[in-house]
Each structure stands twice: as C-alpha cells, then as structure tokens.
Amino acid sequence: MKSEAECPSDIFSGHTVGAVIVCAGRGERTGLSYNKILYNLGHKTVLETTLDKFVQAHVDKIVLVISPDDKAAIDELRAPYPNTCTCFGGDTRSVSVQNGLKALPDCDIVVIHDGARPYVDPDIIDKSIVSAINFGSGIAAVPTVDTVKEVTDGRIERSIRRDKLYNMQTPQTFRYNEIVKAYNTVLGSFTDDAEVYEKAGYTPRIVVGSYDNIKITTHNDLLRTLPSSMRVGIGFDVHRLVEGRPLILGGVHINYAKGLLGHSDADVLVHAVMDALLSAADLPDIGVLFPDTDPEYENISSMLLLDRVLERVADKGYTINSVSCVIIAQQPKMAPHIQEIRKNLAARLNLSIDRVNVSATTTENLGVIADGNAIASSASCLLSM
Ligand code: MG
C-alpha cells in the first residue's frame, strides 16, 4: 500500500484535477463590512494568497463559488490566474459546494477548499490529491491538541479521549463521481464534505494537515494574519498663508482669498504625508529629496512629488496599509472639503478610502495659525513588508 506521504509526480498524469474553492461566506465574525476573502493581508488579499497556493499544486482548473455581490471584485482579482471561473453559491455551504461541482465537469478528482484558508501548503493539496487517486479521498486533518469534554448547560458530562481525535481542515479531496453521488444521495446541511462522503457509505481517509492552515473566522484570526514587518511613520509641515497664491490641500484646489507660500505648490498636507511615508520606510525626508533650491521643483504639484515618494517606498518593498492626517487651520473651514481630499489622496495612494483618514482642527485662536497666517498638517502611516 502506498504511503500518503509519497507524491511521485507521474501519479498526476492521466488525471484531471479540479478545485472548488468556497468563497461565498459573509464572514460577519471577522467584524469586516465586506467578504473576508477580499481582506488585504499586506501584499495580497486572502483570495489571491489562496490561489497562489493552488497554482503551485497539481490542479488543472479552479471554480470559485462566490456571492453575486463580490463578482466584480473577484473577477478582477482572478484575472491573472489561468483556468479559473466562478459560479454562485447557495444558502448553505453544502449547496455552494454542489454548485461548484456542477461547474466542474470533466474532472476525475476534485479538491474542495475554503477560500478563507490562505496558508494551505501546496504539498498538502498534492498529498490530498494522491490520497484521492489511491483511496478515493484525502481529508486534511491535524491531531486535536486541546482536551475535549462534552458539556451540557455548563456541566461537563464526559471527558473524551483525545488520542483518536482530529480537527478537520480543507482541502478535502475526492474522486469526482463519488463525491457528486454522495451529495446527490445524502440530504441535509453539513459543515464539511467528509461527513457527506461518510454518510453516503464511503470511508474518508485523512492526510496530515498543518496547524498553520487556519481558517480565518474571527477578528482575532485577522490580527494573527498581520504581516510580521510593519513600520509606523510620522510627518509634520507648516506653510505661511499669503495673498496671491492658490490654496491646494491634498491635491484639491480650495476656493479662498489666500494660499500657501512655498517653492512647490506648498501643499502642506501632501508634504506631511510624504514625510510620514519616507520616515516609515527609513528614507531621507522631502527637504533632502526635493530641495527648495532646485528649480525643477518650482511650483511643481506636490502630487507629482508624492508619486516619486510612492515609487521610493515601493522600491524598498513596502506596501502602504493606511494613512491618517490632520489639517490644522483656523480658516477656511475644512469640513466641506474633507471628503474630496480623502478621495483624491486615496486614489493617488492606491488605497481604499477607509484606509485614508483626513481630519481638521483649529488652534483655538492661539498663535500664527489662528491669526490666519499659516496652515500646518501632520500625518502618520502604517507600512508593511
Ligand atoms: Mg513643506
């Protein structure tokens, strides 16, 4: 009998392996206002990270089972991945999996996987496929670590021996015809496919999974997925407010009698944002990068300088997670302009608007800002590698 650990590459030839990746959950327990598979883990979303693992395994085609609400976003994310398609899910996981199976004809092996398990090892996917080829099924599972008790109304009724217990994960891989037959004959709703297969009279077999192969379910799971290398940056700037200059903040022209004085367009908000990004990436500040003695930068739009800063930050391997800034001004009133400034900055930073916050404050009639002679700004940012 072949060991499940053996994965000779020729075993895959002659088989067509499809994958059903279930992505239709709402994931309310993560506290996100959107599907958790669209959550950005730093460089890529949960879904892309999962797909990266599947392209490294012996899988020929992939169907993503999705919610209609996510179709546009998922179509964009899956575009670089070959041999992927989508179908819509149902009210329960079981219905979603069945819809996925229908969208995958002409396969003899099918890998079923939760889209919210981005840390699956491609070797485990392959081991589950080999097990399904040899024995009909391969279910990723890990030995249960915690002591398990049966509890009713807060009372422990029974201690359960742990040595035979395993926690089920995905991938769960099957001979295509057998799992389709199982779903057609077994009625009800199940949280995993191995149970459907078992209820149809088959004996599922496990392959050893990994404790790193977590399913992102709760807000704490999201925190655990944060990238290891994070950097906070801070920036501050102030410019004199004078007559005869346009007032530009966050790249937005604001209709006002005065504007900010400076060598560039003096966009004090963008200057603070640039210095925050540069400080987080351990790069020289804007005074060094764009000296006010260089005629190249005379009256230049600070948004163009921001583009150069973004390139420098990306060259160092950083991704921007979020930017927060505050405008400190007595006049003009900032509230009517905040949303446009946020939108403008977010677009330039290539971030969603919820990751770019802009607030405004006055100095309570104290000092040069209150006298209408200056506007200041500070910014902070979070980068990850
Ligand atoms: Mg400045």
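Visitor: What spacing do the donors of the magnesium ion follow along the chain?
Guide: The magnesium donors are spaced D-x1-H-x31-H. This is a predicted model.

Visitor: Which protein donors are they, and where do they lie from the ion?
Guide: They are Asp237 through OD, His239 through NE2 and His271 through ND1. These donors lie 2.0 to 2.3 Å from the magnesium ion.

Visitor: Is aspartate 237 buried or exposed?
Guide: Aspartate 237 is buried, because its relative accessibility is 17% and the cut-off for buried is under 20%.

Visitor: And histidine 239, buried or exposed?
Guide: Histidine 239 is buried too, with a relative accessible area of 14%.

Visitor: Changing topic to the sheet. What is the strand order in the open sheet of five strands?
Guide: The order is 13-10-16-14-15, and the pairing is mixed. Strand 13 (258–260) and strand 15 (356–361) are the edge strands, each pairing on one side only. On average, neighbouring strands in this sheet are turned by 20° against each other, ignoring direction.

Visitor: Which helix packs on the sheet, touching strand 10?
Guide: That is helix 8, residues 268–280. Besides strand 10 (230–243), helix 8 touches strand 13, strand 14, strand 15 and strand 16 (374–384). The direction of helix 8 makes about 155° with that of strand 10.

Visitor: In what sense do strand 14 and strand 15 pair?
Guide: Strand 14, residues 319–328, pairs with strand 15 in the parallel sense, over six bridges. As one example, valine 323 has valine 356 of strand 15 as its bridge partner.

Visitor: What lies across strand 14 and strand 15?
Guide: Helix 11, residues 338–349, does, running at about 145° to strand 15.

Visitor: Now the whole chain. How many helices and strands?
Guide: The chain has 12 helices and 16 strands. Its radius of gyration is 27 Å, well over the 21 Å that the globule rule gives for 385 residues, so the chain is more spread out than a compact globule. The C-alpha trace spans about 85 × 55 × 35 Å along its principal axes.

Visitor: What share of the residues is buried?
Guide: Buried residues are 50% of the 385. As for contacts with a separation of 6 or more, 71% come from residues 24 or more positions apart.

Visitor: What is the average pLDDT?
Guide: The chain averages 92, with 96% of residues scoring at least 70. Residues 1–6 have pLDDT below 50, and this stretch has 11 contacts in the model beyond near neighbours in sequence. Where pLDDT is low, the predicted coordinates should not be read in detail.

Notes
Residues are numbered from 1 along each chain as its sequence is written. This is a predicted model: local features need pLDDT of at least 70, side-chain atom pairs count only at pLDDT 80 or more; totals for chains, interfaces and linings use all residues. Side-chain values use heavy atoms; hydrogens and water are left out. pLDDT is the predictor's confidence in each residue, from 0 to 100. Contact means heavy atoms within 4.5 Å. Two strands pair if DSSP finds at least two bridges between them. Helices (H or I, at least four residues) and strands (E, at least two) are DSSP runs, numbered from the N terminus. Axes are lines fitted to C-alpha atoms, for helices over the stretch in contact, and angles run from 0 to 180 degrees between N-to-C directions. Donors are N, O and S atoms within 2.8 Å of the metal (3.2 Å for Na, K and Ca); water is not among the atoms, so sites may look incomplete. Buried means under 20% relative accessible area, exposed over 50%, partly exposed in between (1.4 Å probe, protein chains only). The radius of gyration is taken over C-alpha atoms; the globule rule is 2.2 Å times the number of residues to the power 0.38.
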